[in-house]
Amino acid sequence: MPFVNIKITREGATTEQKEALIAGVTQLLVDTMGKNPATTVVIIEEVETDNWGIGGKSVTELRKKK
């Protein structure tokens with residue numbers, strides 16, 4: 001039973017985009033590893049940019065500099 005956890009920043013991914021991610025990842029596991037889609041679990045976690053750090057700075061702070 002595959003379990004896939006996708007983490008993205010919370011910046012407005014639409015329901016349709018999330019549905020496409022779930023379907024696409026599930027199909028990838030079916031196609032590449034022969035996994036059963038009925039037992040494949042995909043979770044999408046949305047993280048606030050204040051809680052996501054890269055290179056010692058939050059994504060919120062990094063994006064202010066652009």
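## Salt bridges, core and crossover in a predicted model

A search of the whole structure finds five salt bridges, a salt bridge being a side-chain nitrogen of Lys or Arg within 4 Å of a carboxyl oxygen of Asp or Glu. This is a predicted model, in which local features need pLDDT of at least 70 and side-chain atom pairs count only at pLDDT 80 or more, while totals for chains, interfaces and linings use all residues. Residues are numbered from 1 along each chain as its sequence is written, and side-chain values use heavy atoms, with hydrogens and water left out.

Helices (H or I, at least four residues) and strands (E, at least two) are DSSP runs, numbered from the N terminus. Strand S1 (3-9) and helix H1 (15-33) each supply at least two residues of the largest nonpolar core. That core has five residues in all: Ile6, Ile8, Val25, Leu29 and Val42. A nonpolar core is here a set of buried Ala, Val, Leu, Ile, Met, Phe, Trp, Tyr and Cys residues joined through side-chain atoms within 4.5 Å. Buried means under 20% relative accessible area, exposed over 50%, and partly exposed in between (1.4 Å probe, protein chains only). In soluble globular proteins, nonpolar side chains tend to be buried together. Leaving aside residues up to four places away in sequence, valine 25 touches Val4, Ile6 and Val42, where contact means heavy atoms within 4.5 Å.

S1 and strand S2 (residues 41-47) pair in the parallel sense over seven bridges; two strands pair if DSSP finds at least two bridges between them. The chain runs from S1 through H1 to S2 in a right-handed β-α-β crossover. Right-handed means that, with the strands pointing away from the viewer, the path from the first strand over the helix to the second runs clockwise. Isoleucine 8 has glutamate 46 as its bridge partner in S2.

Glutamate 46 also takes part in one of the salt bridges, with lysine 18. This pair links distant parts of the chain, as lysine 18 is in helix H1 and glutamate 46 in strand S2, 28 residues apart. Both residues are partly exposed, lysine 18 with a relative accessible area of 22% and glutamate 46 at 26%.

Three of the pairs are listed below.

| Basic residue | Acidic residue | N to O distance |
|---|---|---|
| Arginine 10 | Glutamate 48 | 3.3 Å |
| Lysine 18 | Glutamate 46 | 3.0 Å |
| Lysine 64 | Glutamate 61 | 3.7 Å |

Arginine 10 lies in the loop between S1 and H1 and glutamate 48 in the loop between S2 and strand S3 (53-54), so their salt bridge ties together parts that are 38 residues apart in sequence. Arginine 10 is partly exposed at 44% relative accessibility, and glutamate 48 is partly exposed at 40%. Lysine 64 and glutamate 61 are separated by about one helical turn because they are three residues apart in helix H2 (residues 59-64). Here lysine 64 counts as exposed, at 60% relative accessibility, whereas glutamate 61 is partly exposed at 35%.

Glutamine 27 lies in helix H1 and is partly exposed, with a relative accessible area of 41%. Its C-alpha atom is separated by 32 Å from that of aspartate 50, 23 residues away along the chain.

An unreviewed UniProt entry places the feature "domain: 4-oxalocrotonate tautomerase-like" at residues 2-60. UniProt positions follow the numbering used here, feature names are shortened, and annotations may be inferred rather than shown by experiment. Over residues 2-60 the chain is 36% helix and 31% strand, with the end C-alpha atoms 32 Å apart.
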